[in-house]
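Good morning, and thank you for joining. I should like to take you through one model, beginning with its sheets and ending with its charged pairs.

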Amino acid sequence: MPKIAVLTSGGDGPGMNAAVTSVARNAAYYGMPLIGIKRGYNGLLGLSDNIEDDVFEMNLDTVLDLADLPGTYLRTARCTQFLDPKVREGAAKRLKEMDVAGLVVIGGDGSFRGAQQLCRLGIPCIGIPGTIDNDLAYTEMTLGYDTAVNADMEAVRSIRATSRSHDRPALVEVMGRNCGDIALSTAEATGSEIVIVPEMPWSVENVAERLNKLIASGNTRATIVVAEGAYASMQPFDVYSYLKPYSGEIFEGEQMNARLLARTLKYMCHAEVRATVIGYTQRGCQPTARDCSFAFEAGNMAVVLLKNGIGNQVIGTRNNRTFHTSIDTALSETRNFKESLYNLINSL
Ligand code: ADP
């Protein structure tokens, strides 16, 4: 049976360990030796600070109790050198020297681009979409996304207890650099009244107008969910000039962020808007059943494909079914933002 390898790359996310466990269990079942590569493409290239620990034989013992853990046991890293074709040739050579006949890459679109290049160098690769952002067009969900949304929902509920108690609006910043899906789903699931995302242009004045209307209609504890990357799609607003008269609110050169947006809305709406940035707690949670189930099926599909000598594929989910498609097709698809849901949330 062919020997295969597995690595995680890019940002960590809940469910990555469950996927690695599934790969290991399936490899063991089919009698395929499995190599674990730590710290993403860095580990493969001997570029990490822990070379002696980067490449090791995995077995069922290694993955025992791993599936439930958040983060990634295989560690993860970003590897800028991998953009260099010569460096990638070195990576393919190393895999061939180790007799590795196929590689499972768990990561986001950047990691998939790396895998695509390795396929072109004769290493069959299978990608499992491990990223909380849900920013891959070909699949309805990526590993970790459901967990992140559930974590954000819990956080909004907790924050709302204080909002309710003090009759005070809340601004909650969630993750999503270029993709507003986490913000959109969190706002939908929590019944938040305002959502701000990178995909849609927005203005501070319009958000203030909407918040003022909500307050005037008796809703004194509205929730505004903002994606971390949404400040890039904000219409020009000179936050420094606006907040400067209020001493201690802003330092020269500060760009718009959650705290400054909450402060601006405080003065525009005469309400104690408070900001909370949820941050990494979204990535470090126990994976949900949905993410674990997807990880289980994706690991199985990845190993079976490699066993049958098929590479250059990524695993995804559509209509509640796990499927695979070519890396090239997956990366060429463009995302469809749910604009009607966005409009609904911001108008009800
Ligand atoms: P993600 O996989 O979560 O999108 P990154 O975009 O940081 O995270 O990509 C992870 C790694 O994938 C990068 O550090 C790099 O090693 C590799 N990678 C990204 N883009 C490419 C590319 N165009 N070609 C080859 N490798 C790439």
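Which strands does helix α8 lie across, and at what angle does the helix run to β8? Helix α8, residues 181–190, lies across β6 (170–174), β7 and β8, and runs at about 160 degrees to β8. Contact here means heavy atoms within 4.5 Å. Axes are lines fitted to C-alpha atoms, for helices over the stretch in contact, with angles from 0 to 180 degrees between N-to-C directions. Helix α9 (residues 204–216) also packs on this sheet, where it touches β7 and β8, and its direction makes about 165 degrees with that of β7.

Before I go further, a word on conventions. This is a predicted model, in which local features need pLDDT of at least 70 and side-chain atom pairs count only at pLDDT 80 or more, while totals for chains, interfaces and linings use all residues. Residues are numbered from 1 along each chain as its sequence is written, and side-chain values use heavy atoms, leaving out hydrogens and water. Helices (H or I, at least four residues) and strands (E, at least two) are DSSP runs numbered from the N terminus; two strands pair if DSSP finds at least two bridges between them.

The sheet beneath those helices is open, with four strands in the order β7-β8-β6-β9 and parallel pairing. Its edge strands are β7 (194–196) and β9 (274–277), each pairing on one side only. On average, neighbouring strands are turned by 20 degrees against each other, direction ignored. Strand β8 (residues 223–227) runs parallel to β7, joined by three bridges, and V195 stands opposite V225 in β8.

Let us turn to the other sheet. Seven strands make an open sheet with mixed pairing, ordered β3-β2-β1-β4-β5-β10-β11. At the edges are β3 (55–58) and β11 (321–326), each paired on one side only. From one strand to the next, the twist averages 30 degrees. Strand β10 (residues 313–318) pairs with β11 in the antiparallel sense over six bridges, and T317 is placed opposite T322 in β11. Helix α12 (residues 289–307) lies across β1, β4, β5, β10 and β11, at about 145 degrees to β10.

Next, the ligand. Of the 15 residues around the ligand (a heavy atom within 4 Å), R78, C79, G108, G110 and S111 come nearest. A backbone N or O atom of C79 is 2.6 Å from a ligand oxygen, and one of G110 is 3.0 Å from a ligand oxygen. In the side chain of S111, an N or O atom lies 2.5 Å from an oxygen atom of the ligand.

Finally, the charged pairs. A salt bridge is a side-chain nitrogen of Lys or Arg within 4 Å of a carboxyl oxygen of Asp or Glu, and the count comes to 17. One of them joins R39 and D53, with the closest N and O atoms 3.1 Å apart. R39 sits in the loop between β2 and α2, and D53 in helix α3, 14 residues apart.

Methods
A polar contact is a pair of N or O atoms within 3.5 Å; within protein, one must be able to donate a hydrogen and the other to accept it, and residues adjacent in sequence count only if both atoms are side-chain atoms.
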